[in-house]
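Welcome! Take a moment to turn the model around on your screen, and then let us walk through it together.

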Amino acid sequence: MAQVKKNTTIKGYQDFIQRVYGENNNRSFGRRDMLINIERFATRGLKGIRKQDTKKAKFNLLISFSWLMSLMNRFNVDLENEVWKRFPYLCSYCASCPCSCKAKKVKSRQKVLVNEKKRPKTLEEFQNMFARIYPPGTRSLEHAGIHLAEEIGELAEVLLAYRGGHKEEDLKNIPLESSDVFSCFAGIFNSIGESMAKELFVIFSNNCHICKKIPCVCSFKTITEFKS
Ligand SMILES: [Zn+2]
Ligand SMILES: [Zn+2]
């Protein structure tokens, strides 16, 4: 049996997704399908936010996150490392903590210096880091949701660009945009005031959250018709 622990690391969660869904993904889902599922569940999560249904929001956003992990596995990207490189306890744009983009009207991306000593260990610590960089009190939950939609759009753009020419520079943008998407998942959970890791522990307490098997044996039909 595999499960996500409350003190999971981002890497530990990514490995869990590979062990449970890697085989089924290889059989049934290409990278485009994975993006579709990231969008499919994220938008259900946004509906949860609009309807003030926190349970629906949290569940669907985390299933969207699981598809982001499947996509990262397909590209052999270690999301934890990428998130840390992009957000080393600093805003990736203004390079300060808390972010001062708005207050200082920062117009260009500043160089971020990485202090390895500050690196969070667990997923929960990463979520807390984002609460320090982007304090939830400075924006509404809806604002955080709109930001997620924007970032998924940017991920779609870089995937499309890479598909077009298979160029190195386009490939490099995929982990960057994926890190931004992750920061928005963390941001929404910070706005709701709940822990991503604790929710993942509930959803993934026993292998696949639907069939409860490892590897997942859900049929294509079960996955594509899944209601949430
Ligand atoms: Zn900033
Ligand atoms: Zn399954």
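Let us begin with one helix. Helix α3 is built from 21 residues, and its first and last C-alpha atoms lie 30 Å apart, close to the 30 Å expected at 1.5 Å a residue. Please keep in mind that everything here comes from a predicted model. Most of α3 is covered, with 17 of its 21 residues counting as buried. Just beyond the helix you will find Asn76, which takes a positive phi of about 55 degrees.

Now step back to the whole chain. How many helices and strands does the protein chain have? There are nine helices and zero strands. The radius of gyration is 17 Å, close to the 17 Å that the globule rule gives for 228 residues, so the protein chain is as compact as a globular protein of that length. Its C-alpha trace spans about 50 × 40 × 35 Å along the principal axes. Of the 228 residues, 38% count as buried. Among contacts with a separation of 6 or more, 71% are between residues 24 or more positions apart.

Next, look inside. The largest nonpolar core has 57 residues, and the members touching the most others are Tyr13, Ile38, Leu68, Ile133, Phe185 and Met196. Several helices give two or more residues to this core, including α1, α2 (31-50), α5 and α8 (196-203). Which element supplies the largest share of this core? That is α3, with eleven residues. To see the surroundings of one core member, find Ile133: setting aside neighbours within four places in sequence, its contacts are Phe87, Tyr89, Leu90, Cys91, Cys97, Pro98 and Cys99.

Helices also meet in pairs. The axes of α1 (residues 10-28) and α4 (residues 79-86) come within 8 Å and cross at roughly 145 degrees. In this meeting, α1 brings Ile10, Lys11 and Gln14, while α4 brings Leu79, Glu80 and Val83. Sorted by class, the contact has three nonpolar, one polar and two charged residues.

Another helix to trace is α7 (residues 168-192). At 1.5 Å a residue, its 25 residues should span 36 Å, and its end C-alpha atoms are 38 Å apart, which agrees. After α7 comes Gly193, whose phi is positive, near 85 degrees. Asn190 has its C-alpha atom 9.3 Å from that of Gly137, although the two are 53 residues apart along the chain. Gly137 itself sits in the loop between α5 (123-133) and α6 (141-165). Is Gly137 buried or exposed? Gly137 is exposed, because just 9 other C-beta atoms lie within 10 Å, and the cut-off for exposed is 12 or fewer.

Finally, visit the loops, where some backbone angles deserve a look. The table lists two cis peptide bonds.

| Cis peptide bond | Omega | Place of the proline |
|---|---|---|
| Cys97 and Pro98 | about -5 degrees | loop between α4 and α5 |
| Ile214 and Pro215 | about -10 degrees | loop between α8 and α9 (220-224) |

Two residues have a positive phi without being glycine. Ala95, with phi of about 60 degrees, lies in the loop between α4 and α5. Ala95 has 17 C-beta neighbours inside 10 Å, so it counts as partly exposed. Lys212, with phi near 60 degrees, belongs to the loop between α8 and α9. With 12 other C-beta atoms within 10 Å, Lys212 is exposed.

Definitions and conventions: Residues are numbered from 1 along each chain as its sequence is written. Chains are lettered from A and ligands numbered from 1 in the order in which they are written. This is a predicted model: local features need pLDDT of at least 70, side-chain atom pairs count only at pLDDT 80 or more; totals for chains, interfaces and linings use all residues. Helices (H or I, at least four residues) and strands (E, at least two) are DSSP runs, numbered from the N terminus. The radius of gyration is taken over C-alpha atoms; the globule rule is 2.2 Å times the number of residues to the power 0.38. A residue is buried if 20 or more other C-beta atoms lie within 10 Å of its own, exposed if 12 or fewer, and partly exposed in between; C-beta atoms are placed from the backbone. Two residues are in contact if their C-beta atoms, placed from the backbone, lie within 7 Å. The expected span of a helix is 1.5 Å times one less than its number of residues. Axes are lines fitted to C-alpha atoms, for helices over the stretch in contact, and angles run from 0 to 180 degrees between N-to-C directions. Ala, Val, Leu, Ile, Met, Phe, Trp, Tyr, Cys and Pro count as nonpolar, Asp, Glu, Lys and Arg as charged, and the others, Gly among them, as polar. A nonpolar core is a set of buried Ala, Val, Leu, Ile, Met, Phe, Trp, Tyr and Cys residues joined through C-beta atoms within 7 Å.
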